[in-house]
Structure formats: C-alpha cells, structure tokens
Amino acid sequence: MVDQLSLIEILSTIWPILLGIITLIIVLAKMHGDIVVLKEKVKSLFDLWNSKNK
C-alpha cells in the first residue's frame, strides 16, 4: 500500500506532459485553419491570373 502513488502525486508528475499535448493540439488546429485559408487564397489568385490571360 505504501508503494502506490496518490492522485496528487500522479497529477504533479504528468501535468507538463498533459499541458504539452493540449498545446500541441491547439497549435495544430490553428495551423490547419491557416493552411486552408492560404490554400483558398492561392487558388483564387491562380484563377484571377489565368482569367487575365484569356
């Protein structure tokens, strides 16, 4: 029984890992949104460029 860790000891040990994982998920979600916006802007730029030459 003495060898078992309490909940507070476990949380104090793994909180940096959990914070890092949550931060990574947030950053990747924001990057995905930004990439989608950039992809749409590049597509519209190429559409405008191609329609100009017709």
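Where does Ile14 sit? Ile14 is found in helix 1, helices here being DSSP runs of H or I with at least four residues, numbered from the N terminus. The model is a predicted one, so to speak: local features need pLDDT of at least 70, side-chain atom pairs count only at pLDDT 80 or more, and totals for chains, interfaces and linings use all residues. Residues are numbered from 1 along each chain as its sequence is written, and side-chain values use heavy atoms, with hydrogens and water left out.

Ile14 has a relative accessibility of 32%, so it counts as partly exposed; that label covers the range between buried (under 20% relative accessible area) and exposed (over 50%), with a 1.4 Å probe and protein chains only. Ile14 also belongs to a nonpolar surface patch, along with Leu5, Leu7, Ile10, Leu11, Ile17, Leu18, Ile21 and Ile25, and together these residues offer about 840 Å² of accessible area. Patch members have over 30% relative accessible area and no salt bridge, and nonpolar side chains (Val, Leu, Ile, Met, Phe, Trp, Tyr) are joined within 5 Å, like charges within 9 Å. Areas come from the Shrake-Rupley method with a 1.4 Å probe.

Further along, helix 1 spans residues 7-52 and holds both Lys43 and Asp47, four residues apart, or about one turn of the helix. Their side chains meet in a salt bridge at 3.2 Å, N to O, the cut-off being a Lys or Arg side-chain nitrogen within 4 Å of an Asp or Glu carboxyl oxygen. The count comes to one salt bridge. Lys43 is exposed at 54% relative accessibility, while Asp47 is partly exposed at 41%.

Definitions and conventions: Helix = DSSP H or I, 4+ residues; strand = E, 2+ residues; numbered from the N terminus.
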